[in-house]
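Subject: A structure for you to explore

Hi there,

Here is the structure I promised to pass on to you. Please open it next to this email and follow along as you read.

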Amino acid sequence: RGGLVVASEREKEDYGKQVIVASREDDCSIFRLEDSTGCAILTRYEVFPGITLVYNDVHMQEISVEETGKFHQIFEINHCREGRIEFETIKGEYIYVKKGDMAINTKAGLKNYSYFPICHYHGVTIEIDLSAAQECLPEIMKDIKIRLSDIKDRFCTKDQCFVFREKEQFEHLFSELYCVPEKIRREYYKIKIIEILLFLSVVDA
């Protein structure tokens, strides 16, 4: 694994200028952030081109990044396993996500920081870059009717943030992501993300 390495410019855009790459392997990068309030470990897996899965283990108060034009291409699915996270929308509204909740948002619809009021948050983020992902998905999912742009438009009209509160179906969908055997990790992430996207393509908003 080796020692700490310098983050790329894209990684600094994603996680902030102070981010450090703690380790990097074929499809996995582990990032560390630290300030006077604590630290965060973000473990990122490249699952499909344009689709990443990030495990967020946060014990600090705020993570902020610089806004870029790429925000308009990206939407996220966030599931909270423990703790609490708060977002501010570009309209000045405050959104909170607590244990068992799932939020869907565009990056452009939120201000460029996440706030953790109790300095305790564990959860996963599925990050989708529409410009890259839409090209590869039809080949991967030949017989599965999933359109990423349709999912985004259903839940993120005018860049809003949509929150599902403690739905049992989501607990089942996401709970298995927190206990994946290492031997099947790569294959399982692909199947699980397809399952989550398929579910979101039909669930009532």
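**What I found**

Let's begin with a cysteine: Cys156 is buried, with a relative accessible area of just 3%. Please keep in mind throughout that you are looking at a predicted model.

How many disulfides are there? The count comes to 0. As a reminder, a disulfide is a covalent bond between the sulfur atoms of two cysteines. For Cys156, the nearest cysteine sulfur belongs to Cys161 and lies 7.3 Å away. A disulfide needs the two sulfur atoms within 2.5 Å, so a pair at that distance does not count. Cys119 is in no disulfide either, and the nearest cysteine sulfur to Cys119, that of Cys39, is 10 Å away.

Next, have a look at helix H3, which runs over residues 148-155. Which of its residues are buried? They are Leu148, Ile151, Lys152 and Phe155. These four cover an arc of only 95° around the axis, and therefore they sit on the same side of H3.

Now for the charged residues. Side chains of opposite charge can pair when their charged atoms come close. In this model there are 20 salt bridges, and three of them make a good tour.

- Arg44 pairs with Asp14, and their closest N and O atoms are 3.7 Å apart. This bridge links distant parts of the chain, since Arg44 is in strand E3 (residues 38-48) and Asp14 is in helix H1 (residues 9-15), 30 residues apart. Are these two buried or exposed? Both Arg44 and Asp14 are buried.
- Arg84 and Glu86 meet through their side chains at 3.0 Å, N to O. Here Arg84 is partly exposed, with a relative accessibility of 29%.
- Asp150 and Arg147 form a salt bridge at 3.6 Å, N to O. Asp150 is partly exposed at 38% relative accessible area, and Arg147 is also partly exposed, at 48%.

Finally, go back to Arg44 and Asp14, and look at what is around them. Which residues are linked with them in a network of salt bridges? The network joins Arg10, Asp14, Arg44, Glu46, Lys107 and Glu127. Try selecting these residues together in your viewer.

To recap, you have a model with 0 disulfides and 20 salt bridges, and a helix H3 whose buried residues are on the same side.

Enjoy exploring, and write back with any questions!

Best wishes

Technical notes: Residues are numbered from 1 along each chain as its sequence is written. This is a predicted model: local features need pLDDT of at least 70, side-chain atom pairs count only at pLDDT 80 or more; totals for chains, interfaces and linings use all residues. Side-chain values use heavy atoms; hydrogens and water are left out. Buried means under 20% relative accessible area, exposed over 50%, partly exposed in between (1.4 Å probe, protein chains only). Helices (H or I, at least four residues) and strands (E, at least two) are DSSP runs, numbered from the N terminus. The arc is that of the directions from the helix axis to the C-beta atoms. A salt bridge is a side-chain nitrogen of Lys or Arg within 4 Å of a carboxyl oxygen of Asp or Glu.
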